[in-house]
Amino acid sequence: MPGALQRPAVVSRVSDLIGYTPLLELAATETGSRLLLKLEMFNPTGTAKIRMARQMVTDAEDRGELRPGGRIIESTSGNTGLGLAVIAAERGYTFTAVVDHHACTDKLRGMKALGTELVYVVDDGTEELATAAREELAEDMARGQDNTIFTEQHNNPSNGVGYFPVAHELNEALDGRIDVLIGAVGTGGALCGTTRELRKLIPDFSTIGVEPKGSIAFGGPAHDYYQSGTGTPEGAEIGALVDFGLIDEGVKVGDVEAFATCRAVARTGLLIGGSAGGVVHEALTRLSSLPPGTTMVALVNDGGEKYMDTVFNDEWMHARDLLDPAAEREIDELLTKLRRNR
């Protein structure tokens, strides 16, 4: 698009490749409504969260809290850790990620490959999501240590600020024509940060937040879930960045539906991550009921390549009673119908 935001032809750091991610029209209705996916997996590390990782580190440097040779500590289920690992490697910091085995193995391997020190809060091999315990340990490890920061992504305002450029990218690419923004709600940074800035540019659109069934941000009941890097599990506090005043509607999507959507979308040629599957499921199922000519943008915060051993592994899915061929066929049929109208 003439005049659209573009990165320089040649860059000197991996982090200079952040942003300017493409939009893909996945589906459309006969009445001219369309679903566009903001493909954040085209960022380095294949995830949106490197945007806020860079912002959190940059702001800590500007405040004098992080100096050359310093140490970064964060509690992460993978994608934030991958982003911080890149930024730490570029700027000469040590990075310690406090993790649990709920994280996808490929994310843990990726962090380690980038030079990250992994500290497991639960090291018995179970898949328990231990968000609260991770954050407590990360905070304890950073307390009183010189030139050491706990970036505390769930409550760090820089998290939301890191997504402000997404709003500008969307506004310029779509010339201000956005009616619905839909995205996952974990820390709240991506959806609420983008919404906050986008409302300065486009005042009249609605924001829909999606969390897994079992998460508590939009109410109970609470129970375990397998969508990683999203939601607020029982026992964890809702992050300060989850601004309910910016979210017009909050909805829940179960693991079965989210993962069935990932697998169905893969058969169109696109691999998306587990929580993105929940977002796309909700977007697809409501697209036809939207007013004619509606433009809906879904934030797809990571790709599916990290989930080959989980979401796209029949044995893993079957062992957890998540494999549902009927649900996949339903999404396949809906996609087939809606993709004819593009």
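Select alanine 27, and opposite this residue you will find leucine 35 in E2. The model on your screen is a predicted one, and the tour starts from this pair of residues and moves outward through the sheet.

**The sheet**

Keep alanine 27 in view and colour the two strands: E1 and strand E2, the latter covering residues 34-39, pair in the antiparallel sense over five bridges. Now extend the selection to the whole open sheet, in which six strands follow one another in the order E1-E2-E10-E7-E8-E9, with mixed pairing. Strand E1 (23-28) and strand E9 (249-253) stand at the edges, where each has a single partner strand, so one side of each is left without a neighbour in the sheet. If you look along the sheet, neighbouring strands are turned by 25° against each other on average, direction ignored.

Helix H6 is the next selection: residues 164-174 pack on the sheet and touch E1, E2, E7 and E10, and the direction of H6 makes about 135° with that of E2. Add H7, which also packs on the sheet, where its contacts are with E7, strand E8 (206-212) and E10; the direction of H7 makes about 155° with that of E7.

**Strand E7 and the loop after it**

Which residues of E7 lie on each of its two faces? Val180, Ile182 and Ala184 are on one side and Leu181 and Gly183 on the other, and all of them are buried. E7 pairs with E8 in the parallel sense, over five bridges, and if you select leucine 181 you will see threonine 207 of E8 standing opposite.

Move on to glycine 186, which has its place in the loop between strand E7 (180-184) and helix H7 (189-201). Is glycine 186 buried or exposed? Its relative accessibility is 9%, and therefore glycine 186 counts as buried. Show glycine 231 as well: the two glycines are 45 residues apart in sequence, yet their C-alpha atoms are 4.3 Å apart in space. Leaving aside neighbours within four places in sequence, glycine 186 is in contact with Thr230, Gly231, Thr232 and Val242.

**Aspartate 302**

Select aspartate 302, in the loop between strand E10 (295-300) and helix H10 (314-319). Aspartate 302 is buried and has no salt bridge, and the nearest side chain of opposite charge, that of lysine 107, is 4.1 Å away. A salt bridge is counted within 4 Å, so the distance of 4.1 Å to lysine 107 falls outside that cut-off. The side chain of aspartate 302 does make a polar contact of 2.6 Å with the side chain of tyrosine 307. Residues up to four places away in sequence are not counted in the wider surroundings, where aspartate 302 touches residues including Met41, Asn79, Lys107, Ile272 and Tyr307.

**Salt bridges across the chain**

The structure holds 24 salt bridges, and three of them are visited here in turn.

Begin with arginine 91 and glutamate 61, whose side chains meet in a salt bridge of 2.8 Å, N to O. This pair links distant parts of the chain, since arginine 91 belongs to helix H2 (residues 79-91) and glutamate 61 to helix H1 (residues 50-62), 30 residues apart. Glutamate 61 counts as partly exposed because its relative accessibility is 24%.

Next, select aspartate 146 and arginine 67, which meet through their side chains in a salt bridge of 3.1 Å, N to O. Aspartate 146 is in the loop between helix H4 (131-142) and strand E6 (148-150), while arginine 67 is in the loop between H1 and strand E3 (71-75), and the two are 79 residues apart. With a relative accessibility of 64%, aspartate 146 counts as exposed, whereas arginine 67, at 35%, is partly exposed.

The last pair is arginine 267 and glutamate 328, with a salt bridge of 2.9 Å, N to O, between their side chains. Arginine 267 lies in the loop between helix H8 (255-266) and helix H9 (274-287) and glutamate 328 in helix H11 (residues 325-339), so the pair ties together parts that are 61 residues apart in sequence. Glutamate 328 is buried, its relative accessible area being 8%. Select Arg263, Asp314 and Asp332 too, and you have the network into which salt bridges with shared partners join these residues together with Arg267 and Glu328.

**A last stop at E4**

Finally, select strand E4 (residues 94-99), where five of the six residues are buried, so the strand is largely enclosed by the rest of the structure. E3 runs parallel to E4 and is joined to it by five bridges; within this pairing, isoleucine 72 has phenylalanine 95 in E4 as its bridge partner.

Definitions and conventions:
Residues numbered from 1 in each chain as written. Predicted model: local features only at pLDDT ≥ 70, side-chain atom pairs only at ≥ 80, totals over all residues. Heavy atoms only, no water. Helix = DSSP H or I, 4+ residues; strand = E, 2+ residues; numbered from the N terminus. Buried < 20%, exposed > 50% of the residue type's maximum accessible area, 1.4 Å probe, protein only. Lys, Arg positive; Asp, Glu negative; His and termini not counted. Polar contact = N/O pair within 3.5 Å; in protein donor to acceptor, adjacent residues only side chain to side chain. Contact = heavy atoms within 4.5 Å. Pairing = 2+ DSSP bridges. Axes fitted to C-alpha atoms, helices over the stretch in contact; angles between N-to-C directions.
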